[in-house]
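Welcome! Please open the structure in your viewer and keep the selection tool at hand.

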Amino acid sequence: MSIRHGLLALLERGPRYGSQLRTEFESRTGSTWPLNVGQVYTTLSRLERDGMVAQGGEDAAGHALYAITDSGRAELRTWFEKPVDRTSPARDELAIKLAMAVGAPSVDIRDVIQSQRRHTVKAMQDYTRLKAQALIAVESGGARERDDVAWLLVLEQLIFQTEAEARWLDHCESRLIRLSATAADTGAGTATTAGGATRGAVAGATEGAAGSGTAEAPAATAPNGAGTVPTEAPEAASPVAGAR
């Protein structure tokens with residue numbers, strides 16, 4: 001996430017001081033990516049060093065104000081026009097975790113998938129609930145309508161992400177079941193009488209993988225077009241930090 005470009009976008013609306021920029025950034029994004037004041041001022045110092053912002057006096061309360069420069073405006077236009085690079089994707093902890101769980105001793109990858117699925121579904125439900133609140137705020141046409149629209153777009157992106165993650169987890173589980181079945185079929189072609197016990201063990205593992213997907217709750221259509229989510233989900237902490 002480019003904090004520097006986010007601050008430049010806010011400064012294009014007029015001079016701001018550090019804590020004001022933090023408040024407006026979090027309001028625009030629904031505190032999904034919270035900032036601290038130190039982080040804001042560190043970024044402002046770098047932007048000032050690079051000639052993209054300049055200090056422009058103080059407000060009535062004595063806060064040092066920062067203003068965007070022509071160089072900063074040019075940088076901001078370039079940022080808006082340039083697509084986000086996907087050729088070097090950010091590290092995804094879940095993908096790394098599942099990759100490392102494959103073949104790891106004393107780790108049942110099916111349990112890892114099931115645990116993550118429950119959390120993902122709970123997150124989807126939370127985002128859907130917040131989306132309903134954001135829609136009400138947007139439709140009311142209040143003074144913060146621009147922030148509410150921005151927050152709505154962020155929420156919908158989070159909903160799409162969690163839907164995709166849930167589908168990917170289902171795919172991972174199905175893939176493991178198919179691979180287990182393939183291993184069982186391969187073993188069946190070379191098994192001897194003495195190796196019958198091994199064949200039975202592989203078949204048992206396959207049945208266990210197939211059975212692991214039966215604990216899911218029935219699906220129901222979520223409100224506001226968020227896709228399908230189970231009608232029941234275990235309690236878990238909300239993934240949205242500082243959600244309104």
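Below is a short walk from the whole chain to a few chosen spots.

**The whole chain.** Start by showing everything as a cartoon. What you see is a predicted model. The protein chain holds 8 helices and 4 strands, and if you trace it along the sequence you will meet them in the order α-α-α-β-β-α-α-α-α-α-β-β. Now switch on the surface: the protein chain exposes about 14,400 Å², with carbon and sulfur atoms supplying 55% of that area. Of its 244 residues, 31% count as buried. Among contacts between residues at least 6 apart in sequence, 60% join residues at least 24 apart.

**Colour by confidence.** The mean pLDDT of the protein chain is 80, and 75% of its residues reach 70 or more. Next, select residues 192-238. Here pLDDT stays under 50, and the model has 65 contacts beyond four places in sequence for this stretch. Where pLDDT is low, the predicted coordinates should not be read in detail.

**A pair of strands.** Select residues 53-58 and 64-68, which are strands S1 and S2; they pair in the antiparallel sense over 4 bridges. Show side chains for Gln 55 and Tyr 66, and you will find Gln 55 standing opposite Tyr 66 of S2. Then move to the turn of this hairpin, where 5 residues sit between the strands. One of the residues to click on here is Gly 62, which takes a positive phi near 90°.

**Helix H5.** Which residues of H5 are buried? Select residues 93-101 and look for Leu 94, Leu 98 and Ala 101, the buried ones. Seen down the axis of H5, these buried residues fall within an arc of 60°, so they line one face of the helix. Turn the view to the face away from that buried side, and you will find the exposed residues Glu 93 and Met 100.

Now visit the ends of H5. At the N-terminal end, Asp 92 acts as a cap: one of its side-chain oxygens lies 3.0 Å from the backbone nitrogen of Leu 94. Just after H5 comes Gly 103, with a positive phi of about 80°.

**Helix H6.** For the last stop, select residues 109-140, which form H6, and pick out Val 121 within this helix. Is Val 121 buried or exposed? Its relative accessibility is 8%, so Val 121 counts as buried. Finally, add Glu 163 to your selection: Val 121 and Glu 163 are 42 residues apart in sequence, and their C-alpha atoms are 8.2 Å apart in space.

Definitions and conventions:
Residues are numbered from 1 along each chain as its sequence is written. Side-chain values use heavy atoms; hydrogens and water are left out. Helices (H or I, at least four residues) and strands (E, at least two) are DSSP runs, numbered from the N terminus. Buried means under 20% relative accessible area, exposed over 50%, partly exposed in between (1.4 Å probe, protein chains only). Contact means heavy atoms within 4.5 Å. Accessible areas come from the Shrake-Rupley method with a 1.4 Å probe; for residues, only the protein chains shown count as cover. pLDDT is the predictor's confidence in each residue, from 0 to 100. The arc is that of the directions from the helix axis to the C-beta atoms. A polar contact is a pair of N or O atoms within 3.5 Å; within protein, one must be able to donate a hydrogen and the other to accept it, and residues adjacent in sequence count only if both atoms are side-chain atoms. Two strands pair if DSSP finds at least two bridges between them.
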